[in-house]
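User: Please take a close look at one part of this structure, beginning with a single pair of residues and working outward. I am new to the structure, so a connected explanation would be welcome.

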There are 2 protein chains.
Amino acid sequence: MTTPMLTKNQSLVFDILTRAEAPLSAYTILDKLRDQGFRAPLQVYRALDKLLEYGVVHRLESINSFVACAHPHEDCHSHGLVAFAICESCGQVMEFHDHEVDHRLMDWLKSQKFKAEKSTIEIRGHCANCTA
Amino acid sequence: MTTPMLTKNQSLVFDILTRAEAPLSAYTILDKLRDQGFRAPLQVYRALDKLLEYGVVHRLESINSFVACAHPHEDCHSHGLVAFAICESCGQVMEFHDHEVDHRLMDWLKSQKFKAEKSTIEIRGHCANCTA
DNA sequence: ATCAATTGCGTTATGCTATAACGTGTGCGA
DNA sequence: TCGCACACGTTATAGCATAACGCAATTGAT
Ligand SMILES: [Zn+2]
Ligand SMILES: [Zn+2]
Ligand SMILES: [Zn+2]
Ligand SMILES: [Zn+2]
């Protein structure tokens with residue numbers, strides 16, 4: 001998918017996420033954008049929906065938060081499954097892709113005749129900096 | 001971890017999950033247990049916390065629901081990462097374990113000096129029965 | 001026996017996450 | 001000009017999860 005021009009609200013949300021050093025919840029984004037005129041959660045969620053659709057933002061299901069894609073110039077939808085390592089101390093997220101894991105999972109699903117549509121791979125723990 | 005005797009509330013919650021054909025949300029469980037005297041969400045969440053700790057129940061982060069472990073006589077904490085395929089039509093969940101995927105992810109994390117603690121692997125899509 | 005610590009339980013209140021439903025305005029092609 | 005698609009704004013509501021309090025039963029040490 002080629003990313004269309006972002007609307008004003010989409011740009012505001014995307015900029016916040018791009019500058020953030022950790023994933024943000026929708027309500028945190030809302031708070032950060034109150035000065036820019038944001039008033040209601042839907043303004044954030046609607047922008048996020050589009051950004052997710054365009055593949056420039058990822059949703060982290062295990063922490064109900066959102067993060068800008070770490071590979072902005074590739075297409076995260078084309079290089080298969082995306083995995084995240086999330087530090088529970090500092091919040092930092094590492095995003096990575098692995099075709100081996102990808103194929104292995106897909107083969108298993110295929111053997112079960114399961115048609116995969118969306119995937120979530122998230123590992124929580126502690127990053128190098130935060131490990132004592 | 002060896003599973004201790006379950007308390008009354010834990011048993012009630014576990015039985016509901018064991019008999020369910022699809023994952024249940026905490027509030028759905030609450031509704032199903034009102035006749036048994038359940039009144040508040042905490043009664044469910046507290047039981048779930050223990051069942052998760054014992055490893056006999058899994059939480060599906062992507063759908064805010066809970067499911068009984070499909071491998072009750074193994075120890076899901078010992079055979080590495082657990083993955084789930086969740087059908088978005090009928091709700092059925094397939095639980096599986098794959099050491100290949102496991103090692104591959106763990107190797108990557110190790111190379112990043114990331115200390116993994118909890119993992120979430122969930123694939124949403126459509127099962128064989130529900131595929132047109 | 002007594003005390004302290006632990007664990008489970010029940011209740012009320014609250015907070016966080018997400019969507020429904022309605023209406024407005026703008027741009028654009030038929 | 002009409003109809004449609006889309007972004008937007010607002011209010012209200014639904015759904016998920018925990019804080020904080022107090023009580024009761026159990027256990028284990030003194
Ligand atoms: Zn990405
Ligand atoms: Zn860290
Ligand atoms: Zn299991
Ligand atoms: Zn199905």
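Analyst: From a hairpin to the shared sheet

Leu60(B) stands opposite Ser65(B), which belongs to S2(B). The model is predicted, so local features are given only where pLDDT is at least 70 and side-chain atom pairs only at pLDDT 80 or more, while totals for chains, interfaces and linings use all residues. Residues are numbered from 1 along each chain as its sequence is written, chains are lettered from A and ligands numbered from 1 in the order in which they are written, and side-chain values use heavy atoms, without hydrogens and water.

The two residues named above belong to an antiparallel pairing: strand S1 (residues 57-60) of chain B is joined to strand S2 (residues 65-68) of chain B by four bridges. Helices (H or I, at least four residues) and strands (E, at least two) are DSSP runs numbered from the N terminus, and two strands pair if DSSP finds at least two bridges between them. Four residues lie between the strands of this hairpin, and Asn64(B) takes a positive phi near 45° there.

The whole chain gives the context. In chain A there are four helices and five strands, and from the N terminus on they run α-α-α-β-β-β-β-α-β. The C-alpha atoms of chain A fill a box of roughly 50 × 40 × 25 Å along the principal axes. Of the 132 residues in chain A, 43% are buried, where buried means under 20% relative accessible area, exposed over 50%, and partly exposed in between (1.4 Å probe, protein chains only).

The two chains build a sheet together. Six strands form an open sheet of mixed pairing, in the order S4(A)-S3(A)-S5(A)-S5(B)-S3(B)-S4(B). Strand S4 (93-96) of chain A and strand S4 (93-96) of chain B stand at the edges; each has a single partner strand, so one side of each is left without a neighbour in the sheet. From one strand to the next, the twist averages 20°. Within chain A, strand S3 (residues 83-87) and strand S5 (residues 115-126) pair in the parallel sense over five bridges, and Cys87(A) stands opposite Gly125(A) in S5(A).

Helices lie on this sheet. H4(A) lies across S5 of chain A together with strand S3 (83-87), S4 and strand S5 (115-126) of chain B, and it runs at about 135° to S5(A). Helix H4 (residues 99-111) of chain B also packs on the sheet, where it touches S3, S4 and S5 of chain A together with S5 of chain B; its direction makes about 135° with that of S5(B). Such axes are lines fitted to C-alpha atoms, for helices over the stretch in contact, and angles run from 0 to 180 degrees between N-to-C directions.

Val101(A) is placed in helix H4 (residues 99-111) of chain A and is buried, with a relative accessible area of 4%. Leaving out residues up to four places away in sequence, Val101(A) touches Ile121(A), Val101(B), Arg104(B) and Leu105(B); contact means heavy atoms within 4.5 Å.

The two copies are closely matched in geometry by computation: chain A can be laid on chain B with an RMSD of 0.0 Å by a turn of 180° and a shift of 0.0 Å along the axis. The two copies are thus related as by a two-fold rotation axis. The superposition is by least squares on the C-alpha atoms of residues with pLDDT of at least 70 in both. Ile121(A) comes closest to the rotation axis among the residues of chain A, at 2.2 Å (C-alpha). Because 97% of the interface residues of chain A are also interface residues in chain B, the copies meet through the same surface.

Returning to chain B, the zinc ion (ligand 4) has as protein donors Cys87(B) (SG), Cys90(B) (SG), Cys127(B) (SG) and Cys130(B) (SG), which lie 2.2 to 2.3 Å from it. Donors are N, O and S atoms within 2.8 Å of the metal (3.2 Å for Na, K and Ca); water is not among the atoms, so sites may look incomplete. The four donor atoms around the zinc ion (ligand 4) subtend angles of 107 to 113°, which makes the arrangement tetrahedral; four donors count as tetrahedral if all angles lie between 85 and 135 degrees, four count as square planar and six as octahedral if opposite donors are over 155 degrees apart and all others between 65 and 115, and anything else is irregular. The donor residues of the zinc ion (ligand 4) are spaced C-x2-C-x36-C-x2-C in sequence. Distant parts of the chain are linked by Cys87(B) in strand S3 of chain B and Cys127(B) in the segment after S5 of chain B, 40 residues apart. Cys87(B) is buried at 2% relative accessibility, and Cys127(B) is buried at 8%.
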